[in-house]
Amino acid sequence: IIEPTTPLLWNWHLDAICEYLEAVASGDLTRLIVNLPPRSGKSLVASVLWPAWVWAKLPSTRWLCASYSASLAIKFSVDRRTVITSRWYQERWPILLAGDQNQKQEFMNDARGHMIATSPSGTATGKGGEIIVGDDLQNPEMAESETERRNVIRFFDETLSTRLDDKRRGRIVVIQQRTHQADLTGHLLEQGGWTLLCLPAEFERRTVISLPRTDRSIVKQEGDLLWPEREGRAELKAARNRLGSFGYASQ
């Protein structure tokens, strides 16, 4: 529906993302950070398909989704709506969108569930949700600016995180590629209370990834690649040459 000409190339890390998001949907996790490299499917799964999947089960769920720019936030919102209004989805879960609340950045269904898109340059005042998704709130091109990093952290702390409808049971998911040690992920991990799913493009040490729903364990050894069928050593070497050692290590 979203990528009709792109063959689906599944990988174990997508299972991991899905299981962690399912744990958030069930309330087993309330604070989740997902760190993955660019173009690894994290936004498509977490910002587009996951909200549509939750609505298939609980259409009354209220969502607030944010990205670093209004255009990116609206793109994800349009993609969510495209999935939900598709014939494939409607034949299985006939959710009716409200005609007077059906916009690119905000739409509501007949069960009073809503999905709202915003950004640091937008506004979330007066709007909230049961689940908040912050997807790439930091523009990688601005990662070296301390002012920009502080602005993102301030937006998250003082605006986005305060918009939970239920402060006790509300859930927040932050998805990003790492851009700096003092980025939003670094800030939140310092605070504590967050579950971290961190999957690098190339594993630097033996790592065991435990999947929370099936209790499956995935073991990666030093030098193993995240998604070799899509991004092998030649592609990673080219990325290192393009980004430089610092940019490659962070992203």
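## Cavities and pockets in a predicted protein model

The second largest cavity has a volume of about 40 Å³. This description concerns a predicted model. The lining of that cavity is formed by Ser-47, Cys-65, Ala-66, Ser-67, Ala-73, Phe-76, Arg-80, Val-133 and Asp-135. Two or more of the lining residues come from each of the elements β2 (63-67), α3 and β6 (131-135). Sorted by class, the lining of the second largest cavity holds 5 nonpolar, 2 polar and 2 charged residues.

In total, 2 cavities of 30 Å³ or more are counted. The largest cavity encloses about 80 Å³ of space. Its lining consists of Pro-37, Pro-38, Arg-39, Ser-40, Ala-201, Leu-225, Leu-226, Trp-227, Arg-230, Glu-231 and Leu-236. Of the residues lining the largest cavity, 7 are nonpolar, 1 is polar and 3 are charged.

The model also contains pockets. The largest pocket offers about 1,400 Å³ of space. It is lined by 41 residues, and Glu-3, Gly-41, Leu-44, Val-45 and Leu-49 are the closest to its centre. The elements contributing two or more residues to this lining are α1 (12-26), α2 (42-57), α3 (70-84) and α4 (87-92). Helix α2 provides the largest share, with 10 residues.

For the second largest pocket, the volume is about 800 Å³. Among its 25 lining residues, those closest to the centre are Pro-200, Ala-201, Tyr-248, Ala-249 and Gln-251. Helix α7 (residues 233-250) gives the most to this lining, namely 8 residues. Ala-201 is listed for the lining of the second largest pocket and also for that of the largest cavity.

The table sets out the class composition of the two pocket linings.

| Pocket | Nonpolar | Polar | Charged |
|---|---|---|---|
| Largest pocket | 28 residues | 5 residues | 8 residues |
| Second largest pocket | 13 residues | 4 residues | 8 residues |

The protein as a whole provides the setting for these spaces. Its secondary structure amounts to 7 helices and 10 strands. The radius of gyration is 18 Å, close to the 18 Å given by the globule rule for 251 residues, so the protein is as compact as a globular protein of that length. Along the principal axes, the C-alpha trace spans about 50 × 40 × 35 Å.

Of the 251 residues, 46% are buried. Among contacts with a separation of 6 or more, 71% are between residues 24 or more positions apart. The accessible surface of the protein is about 13,000 Å², and carbon and sulfur atoms account for 48% of it.

One residue may serve as an example. Ile-17 lies in helix α1, an element that gives two or more residues to the lining of the largest pocket. Is Ile-17 buried or exposed? Its relative accessible area is 2%, and the cut-off for burial is under 20%, so Ile-17 is buried. Leaving aside residues up to four places away in sequence, Ile-17 touches Leu-36, Lys-42, Val-45 and Leu-197. One of these partners, Val-45, is listed among the residues closest to the centre of the largest pocket. Another partner, Leu-197, stands 180 residues away from Ile-17 in sequence, while the C-alpha atoms of the two are 8.0 Å apart in space.

Conventions
Residues are numbered from 1 along each chain as its sequence is written. This is a predicted model: local features need pLDDT of at least 70, side-chain atom pairs count only at pLDDT 80 or more; totals for chains, interfaces and linings use all residues. Side-chain values use heavy atoms; hydrogens and water are left out. On a 1 Å grid over the protein atoms alone, a cavity is a set of points where a 1.4 Å probe fits but cannot get out, and a pocket is an open set with protein on both sides within 12 Å along at least five of seven lines; lining residues have an atom within 4 Å of a point. Grid points are joined across faces, edges and corners, and a volume is the space filled by probe spheres set on the points. Helices (H or I, at least four residues) and strands (E, at least two) are DSSP runs, numbered from the N terminus. Ala, Val, Leu, Ile, Met, Phe, Trp, Tyr, Cys and Pro count as nonpolar, Asp, Glu, Lys and Arg as charged, and the others, Gly among them, as polar. The radius of gyration is taken over C-alpha atoms; the globule rule is 2.2 Å times the number of residues to the power 0.38. Buried means under 20% relative accessible area, exposed over 50%, partly exposed in between (1.4 Å probe, protein chains only). Contact means heavy atoms within 4.5 Å. Accessible areas come from the Shrake-Rupley method with a 1.4 Å probe; for residues, only the protein chains shown count as cover.
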